[in-house]
Structure formats: structure tokens, C-alpha cells
Amino acid sequence: MRVCVIGTGYVGLVTGVCLAHIGHDVVCVDNNEEKVKLMQSGQSPIFEPGLSELMQGAIQSQRIHFTSDLGAGVSHGDILFIAVGTPPLPTGESDTRYVEAVARGIGEHLNGGYKVIVNKSTVPIGSGDWVRMLVLDGVAERQKELVAAGGGTATEITADFDVVSNPEFLREGCAIYDTFNPDRIVLGSNGQRAISMMKELYAPIVSREFAEDKSLPTVPVLVTDLSSAEMIKYAANAFLATKISFINEVANICDRVGADVTQVAKGIGLDSRIGNKFLQAGIGWGGSCFPKDVSALIHTADDYGYEAQLLKSAVSVNQRQRLLAVEKLQQVLKILKGKTVGLLGLTFKPDTDDMRDAPALDIIEQLHRLGTKVKAFDPLVSQSGMRHGLSNVLVETDPERLADGCDALVLVTDWKQFRSLDFAKMATLMTTPIIIDGRNFLDQDVVEKAGFRYVGIGRRG
Ligand code: UDX
């Protein structure tokens, strides 16, 4: 099928490349010319495992093209994905100005055949109808221009389209895997024709042709109305974020009563109604989705005069949890002023270079406020030389240099390679070998045998 993806950020690029990989003919549009040139040369502007390889394959087989010309993209695609950013405003609302510009732009270039316009960006509830209105505004604008150019007459533009909400549930670091192995596909629309085209688009994924385990039953496709599809995205993220805040609250109580939250999580996770995923206690959630989506849902509820108390609590538990690492440092080191603390990991989770709303940023700010010197090592951030939000942080190039001279380490991100560090060597380099395991990720025995004092979250340490 002929597809156009507008916006080549994280969601857009992954969607475009994966759709090309399963055989569709894709044009990706971005208004950033430099980015377009970079992608045309086969380079991915974002780090995501496996993405560059798939992208290069799709370029070679001519199934994907990149352009900054929105008009060319709109005339190419029978299905047009809007995948531009909806960053949070200081109020917690989503900033939808990019969606607005793209929807109008699509309208200005529509002419001829039937199109499906898909909201892939996480947009506020009600955006489906709003996008329809904006597209029609764009069409009217173009019609006016044509009439003016034609001296008062012009043929009527035909604008035959439906809007679909098709939220994504991709995790950073596993986005390609998640695209080919989804738990479900959600399609919200009022148009039957649009739904059948979307089903045809996703048929190879639904049939598990590209799945890791091809013997699994076909992927469930939930067809619903626009607002319910939009709400599913928010509710899924809000539920997962709340689940983590829940286990973090339990961890804090474990700390006080002397229980071990990792055992508690195992024990409750075996109940199939609860499930064992997203029960890893630690210094809390971050990233580009959970914080933004939970705030946006709270804000939407507010708009309708409803106070989302549970969600507000999930956010405040998370805020407090980030600073728990610093509290634990105070418990063991007492005075932090003049001490040196090394952070193992900076990104909000492993296998990504994303620092958006990462707990590390709040930890750094608090340590600086307390007069502590902060050093850090992160497998990707250290390598890429990114320094965003990291002023006054000495970013080291390897874990041993990080340990050198530190009074304590804090494991902030659960990068797999941190399990196999040379802890014995690191302990000898430190002033006091103390480690706060902010993700309950390390093997306590191994670390203690290497000479460290180990402190976990909710783990009697
Ligand atoms: C999330 C959703 O999982 C995905 O479906 C949605 O499309 C986008 O938001 P992502 O932000 O990539 O994906 O990260 P995820 O793996 O879900 O982790 C989010 C945060 O929660 C991370 O900071 C992670 O460290 C934290 N987390 C996760 C925990 O603290 N404990 C857990 O048990 C799981």
C-alpha cells in the first residue's frame, strides 16, 4: 500500500521503516531539511536497536523515501500518518501546534482520491474530530486561493477522507520488536472503509509473518470509536505508571518494616490478575511518554471538572521516589557537602540515549543543591558526548574512572552491562565503597563480596 508518514521523530521513523520492511511503499516527510538529507543517506537520527539496519534495507529496496515536501507525501499516500511531536506545556497539557499545522497542511494538499488520515501521535482525547475540522479548514483555504487565482472561478476540490486513531504502544529500546510483536492493534474511526484499509495495512503483522514466535495466535485488532482509541493510549500508560508507583510505595513500606520488595513483587506477580511485569521497584519512571501522558490525562480530567486523585498520587509518589536515592546517600554518608557521588547510568532506562524527564536529572539537581560533586558514566551518553542538562557533571568514559575517588555510587539506569562490572577493582578505587542500587538490579551477594556496602530500594539493605 502507499503510505505517507509525516514527522520522523521516534514514532514516525520507526513506523515508516517497519511499514516499508513489511512491503509497503512509504514516503516519510519531515520539515527539517538536514534530517531529511541524513535519512536519505541511510543514517538514522535517533538511536534505536535494529532501526538503522532495517532503514538501510528499505532504502536499498526503494520501499522508503524521505522528503521535506508535504505535498509530494500527501499525493503519494493513500494512508497518511500524522506522527509529529506533542510535547508537554508547562501546564501539563499537550502542545498540539505541530499536529494542527500538519492537519491543515494535509487539507491544503488534498485533491482527488480517498485518503485515510491516521493520528499516530499521542493526542488529547477529542483530537480525531478536531483533526477532521482542521483538514477541512485547509481544504477551504486552498479552495479560496484557487478561486482568487482563477479570477473568481475554480473547480471544487474533492476532499474524501476519514480520520483514524491508531495509538502506538512502543517501548524505546524495543520499538522494532514491539512493532512486529504487538499485544494488540487499536483502530478508532467512524469510517468502515478506513478501518478495512488499516486492517489490510497491518495484515502481515496481524498474521505474525514478522513475529519472533510465528506460532502465536493472530494479533487481536480492537476496532472502536475515535475517543475510546485515544483514551486507550492514555489509560494504558497511566495504568503502567501507577503500577510502578504502587510497587515503589510498597518498597518504601518494606524499607520500614524490614521486608524485601523483590520477594513481595514475585509473590504478588504470580497472581495472574496482577501479573509480574512492571513491578520493579526503584527510583521511578521517566522518559518521553509516562510523565507527559499521565499529566495530560490529569489535565483533561480537570477540564471536565474531575480531579484524578489516583493519577495525581502516582505522579507525586514518583517525584518523591527520584529523590530517595539522595535520602539513602544521606543515611549512609550523613553529610553530602564536599563529597563525590558517581552515577552509574543517566538515561531514563537502558538501551536508549534518551534523557527526557530522566530521574538522573532530579538526582543531579538535588545533589548539587546539597553541595555534592557529581560524576557519571552512561554507556551511550558518555560515548555520544551529549551534555544536555548535565552542566557541572563530570561525564567519565568508563566505570572505573567513575569509581575513582567517589564516596558512593548510585545505580540510576539498569544497563545490562552494569551487572558484570569489575566491582572488586572499583571498590579499591573509591574513598568509601558504597553503592545505592536505584533499580534493585545488581546481585547483592556479588557486590558485597567485592567489598561494597550495598543499599537497595525496599530491600533491607
Ligand atoms: C512506555 C510504554 O511502555 C509504551 O507502551 C509507550 O508507548 C511509551 O511509554 P517507554 O517510555 O519506552 O515506554 O519505557 P518503559 O520501558 O515502559 O519504562 C518507562 C519507565 O518506567 C522507565 O523509566 C523505567 O525505568 C521505569 N520502570 C519500568 C520501572 O521503574 N519499573 C518497572 O517495573 C518498569
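**Exercises: cores, domains and a ligand shell**

L343 touches A360, I363, V374, A376, V410 and V412, leaving out residues up to four places away in sequence; touching, or contact, takes C-beta atoms, placed from the backbone, within 7 Å. Keep in mind that this is a predicted model, where local features need pLDDT of at least 70, side-chain atom pairs count only at pLDDT 80 or more, and totals for chains, interfaces and linings use all residues. Numbering runs from 1 along each chain as its sequence is written.

**Exercise 1.** Work out where the largest nonpolar core lies.

*Solution.*
- Start with the term: such a core is a set of buried Ala, Val, Leu, Ile, Met, Phe, Trp, Tyr and Cys residues joined through C-beta atoms within 7 Å. Buried means 20 or more other C-beta atoms within 10 Å of a residue's own.
- Next, find its hubs: among the 68 residues in this core, L343 and V410 touch the most other members.
- Now place it: domain 2 (234-320) and domain 3 (323-455) both contribute residues, so the core sits between them. Those bounds come from an automatic or database domain assignment.

**Exercise 2.** Describe the shell around the ligand.

*Solution.*
- Count first: 20 residues surround the ligand, with E172, Q280, W285, G287 and C289 the closest. Here a C-beta atom, placed from the backbone, must lie within 6 Å of the molecule.
- Then trace the domains: domain 1 (2-224) and domain 2 (234-320) each supply at least three residues of the shell.

**Exercise 3.** Relate domain 1 to domain 3.

*Solution.*
- Their C-alpha centres are 40 Å apart.
- Even so, four residues of domain 1 are in contact with seven of domain 3.

How values were computed:
Contact = placed C-beta atoms within 7 Å.
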